[in-house]
Amino acid sequence: MIGFVDDRTESECEHCLPILNLATTSFFLDFDGVLCDLADTPDSIEVDPKLPALLTKLSDRVEGRLVVVSGRGIDDLAARLPGFRGTLIAGHGAEERIAGRMHRHKIAGAEMVERLGDMVEAFCATHAGMLCERKPTGVVLHFRKAEREAGRAYDFMRALDNSHEGFSLHHAKMAYELRPTGVSKEAAIRRVMDREGFYGTKPVFFGDDATDEPALSWVGARGGIAVKVGEGDTVARYRVPDPAFVRSFLSEQLGR
Ligand SMILES: O=P(O)(O)OC[C@H]1O[C@H](O[C@H]2O[C@H](CO)[C@@H](O)[C@H](O)[C@H]2O)[C@H](O)[C@@H](O)[C@@H]1O
């Protein structure tokens, strides 16, 4: 059984998480690096075939208070979780699927997003190992396969950021991303937590990336449970080793 903080102190118990009262818990789960392992490219991840059913059951168990919160575009995310009909926040908060209805930031599909995508693609065509990921609300330049070129990738994306109003540049794992200014997982989780059904419950957020830190910080300050998955600096109070651990922890909640 996975460790829980009960009568032991946290220092005695590596990877312990508090025992949750599911009647008052809202789950917010990042996707890449939290529900599935990272891979060389966005398309080469392997999603545990049992994951959609696990998320569905747990969502039912907490009356729909389970939200997958990802940086991926919403169609991409939904396609990787076949059969899961629960709430999705995608594009770091620029897209949402709630109660089966889609909501998208007004920039979604705009000409400027297309243009940015074209420019990043052109850059990748002349820089070996770089990969462009287009999203409805932004664009990512991945340099995981060209780590030594990270500086060049940054300079290019910084120049695009400086010349395009309404977008902000973010440094993610082996990637630089332009997304609409003001869009963040923190803001998205706050919005959801104000909704009926969520309001007054305790948020539990699992995140792994630097881009998850503001949301981890907000959840912790709000009296919720902030959990960092994997290594690296974090403001989160709790840490667990990897996505397999997270999936086991979630499965265990169903048996309680
Ligand atoms: O918020 P998340 O669900 O964690 O999404 C964050 C980004 O994840 C993806 O990129 C990351 O994972 C890739 C696959 O493992 C990896 O190759 C890449 O280096 C990582 O940055 C996704 O492609 C992005 O769109 C998400 O924003």
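**Exercise 1. What percentage of the 256 residues in the protein chain do buried residues make up?**

Ground rules before we start: this is a predicted model, where local features need pLDDT of at least 70, side-chain atom pairs count only at pLDDT 80 or more, and totals for chains, interfaces and linings use all residues. Residues are numbered from 1 along each chain as its sequence is written, and side-chain values use heavy atoms, with hydrogens and water left out.

Step 1: fix the cut-offs. Buried means under 20% relative accessible area, exposed over 50%, and partly exposed in between (1.4 Å probe, protein chains only).

Step 2: read off the share. Buried residues make up 52% of the 256 residues.

**Exercise 2. Check the radius of gyration of the protein chain against a compact globule.**

Step 1: take the rule, 2.2 Å times the number of residues to the power 0.38, with the radius computed over C-alpha atoms.

Step 2: plug in. With 256 residues, the rule gives a radius near 18 Å; the chain has 18 Å, so the two agree.

Step 3: add the box. Along the principal axes, the C-alpha atoms fill roughly 55 × 40 × 35 Å.

**Exercise 3. Test the length of helix α7 (residues 243–254).**

Step 1: helices are DSSP runs (H or I, at least four residues) and strands likewise (E, at least two), numbered from the N terminus.

Step 2: the expected span is 1.5 Å times one less than the number of residues. For the twelve residues of α7 that comes to 16 Å, and the end C-alpha atoms sit 17 Å apart, which agrees.

Step 3: look at burial. Among the buried residues of α7 are Phe245, Val246, Arg247 and Phe249.

**Exercise 4. Track down two residues with positive phi, Ala99 and Met174.**

Step 1: recall the background. Most residues other than glycine have a negative phi.

Step 2: Ala99 has a phi of about 50 degrees and lies in the loop between β6 (95–98) and β7 (101–104). Its relative accessible area is 73%, so Ala99 is exposed.

Step 3: Met174 has a phi near 55 degrees and belongs to the loop between β10 (167–172) and β11. At 25% relative accessible area, Met174 is partly exposed.

**Exercise 5. Place Glu63.**

Step 1: Glu63 is in the loop between α1 (51–61) and β4 (66–69).

Step 2: its relative accessibility is 69%, so Glu63 counts as exposed.

Step 3: Glu63 and Phe31 are 32 residues apart in sequence, and 21 Å apart in space, C-alpha to C-alpha.
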